[in-house]
Amino acid sequence: MTSFDDLLSQVPIAQIADQLGVDQATATTAVQAALPTLLGGLQVNAAEPQGAASLLGALDNHGGLVEGEGAVDLEQVDVGDGEKIVDNVFGDEKNTVISALGAGGGTGGNDLIGKLLPILAPIVLAYLAKQLTGGGAAPQQTQTSGGGLGDLLGGLLGGSSNSGGLGGVIGEALSKNAGGALGSVLGGLLGGKR
């Protein structure tokens, strides 16, 4: 079953902490704040036909990163590719998203979030690719039905075994950021601002 916790288990928190020079608690908090935002941005992009087609094309190139059980090896993650993914997902709002996430308590600040998102983006795409192909849904079926990819992203955003669910995580992240900037950005994205 696809779940946020399953996705989170693929993220190599210890390797990320080492690479970014922070403790594991800070890395965990930053990852837990950044993942829902990244998933939300992908969901917004997948809601539009052109964005869904682009995302499905990107998924074809990322399937091999998440294989078997356990976390991804960070050395296999293409951060340059991740930077392009983050740019495509958030567009002109990227710096605003980074600032809003960086303002959250315990996330390590803007610099850490700015380095973290390009690491997480390829892992998320690899996870989505694995779920779509491993679940027996061909990308063409997903694209024509319009629901498969959106349903997968919605399922990841809607459920978590953590208390309060993922919605609580997003709500907490939104309430902690100064001035509601992240909420405004995601609200603008969800409202078709892009």
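Q: How do the axes of α2 and α3 cross, and within what distance do they come?

A: Good place to begin! To describe a pair of helices, look at two things: the angle between their axes and the distance separating them. In this predicted model, the axes of α2 and α3 cross at roughly 110° and come within 9 Å. Angles of 65 to 115 degrees count as roughly perpendicular, and α2 is therefore roughly perpendicular to α3.

Q: Which residues of α2 and α3 meet?

A: After the angle, look for the residues in contact. On the α2 side they are I13, A14, I16 and A17, and they meet Q24, A27, T28 and V31 of α3. You can then sort them by class: six are nonpolar, two are polar and none is charged.

Q: At what angle do α3 and α4 pack, and how far apart are their axes?

A: Use the same approach here. Helix α3 covers residues 24-46 and helix α4 covers residues 49-60; they pack at an angle of about 120°, with axes 6 Å apart. The two helices are therefore oblique to each other. From α3, the residues L42, N45 and A46 make the contact, and from α4 they are G51, A52 and L55. Sorted by class, this contact of α3 with α4 has four nonpolar residues, two polar ones and no charged ones.

Q: How many helices and how many strands does the protein have?

A: For the overall plan, count the elements and then read them in order. This protein has 11 helices and zero strands. Starting at the N terminus, the order reads α-α-α-α-α-α-α-α-α-α-α.

Q: In which helix is confidence lowest, and in which is it highest?

A: With a predicted model, it helps to check the confidence score, pLDDT, before reading details. The protein has an average pLDDT of 75, and 69% of its residues score at least 70. Confidence is highest in helix α2 (residues 13-20), at a mean of 95, and lowest in helix α8 (residues 139-145), at 38.

Q: Over which residues is the pLDDT below 50, and how many contacts does the model have there?

A: One such stretch is residues 160-181, which has 29 contacts in the model beyond near neighbours in sequence. Another is residues 188-194, where pLDDT stays under 50 and the model has 11 contacts beyond four places in sequence.

Q: What share of the residues counts as buried?

A: Burial is read from how much of each residue is accessible. Of the protein's 194 residues, 45% count as buried. The accessible surface of the whole protein is about 8,700 Å², and carbon and sulfur atoms account for 49% of that.

Q: Is D60 buried or exposed?

A: For a single residue, compare its relative accessibility with the cut-offs: under 20% is buried, over 50% is exposed, and anything in between is partly exposed. D60, in helix α4, has 57% relative accessibility and so counts as exposed. Now try G158, found in helix α9 (residues 148-158): its relative accessible area is 59%, so G158 is exposed. K115 lies in helix α7 (residues 109-134), and its 44% makes K115 partly exposed.

Q: How far apart are D60 and K130 in sequence and in space?

A: Here you keep two kinds of separation in mind, one along the chain and one in space. D60 and K130 are 70 residues apart in sequence, and their C-alpha atoms are 9.7 Å apart. For G158 and S3, 155 residues apart along the chain, the C-alpha separation is 8.7 Å. K115 and I98 are 17 residues apart along the chain, with 9.6 Å between their C-alpha atoms. Across the protein, among contacts between residues at least 6 apart in sequence, 78% join residues at least 24 apart.

Methods
Residues are numbered from 1 along each chain as its sequence is written. This is a predicted model: local features need pLDDT of at least 70, side-chain atom pairs count only at pLDDT 80 or more; totals for chains, interfaces and linings use all residues. Side-chain values use heavy atoms; hydrogens and water are left out. Axes are lines fitted to C-alpha atoms, for helices over the stretch in contact, and angles run from 0 to 180 degrees between N-to-C directions. Helices (H or I, at least four residues) and strands (E, at least two) are DSSP runs, numbered from the N terminus. Angles under 35 degrees count as roughly parallel, over 145 as roughly antiparallel, 65 to 115 as roughly perpendicular and the rest as oblique. Contact means heavy atoms within 4.5 Å. Ala, Val, Leu, Ile, Met, Phe, Trp, Tyr, Cys and Pro count as nonpolar, Asp, Glu, Lys and Arg as charged, and the others, Gly among them, as polar. pLDDT is the predictor's confidence in each residue, from 0 to 100. Buried means under 20% relative accessible area, exposed over 50%, partly exposed in between (1.4 Å probe, protein chains only). Accessible areas come from the Shrake-Rupley method with a 1.4 Å probe; for residues, only the protein chains shown count as cover.
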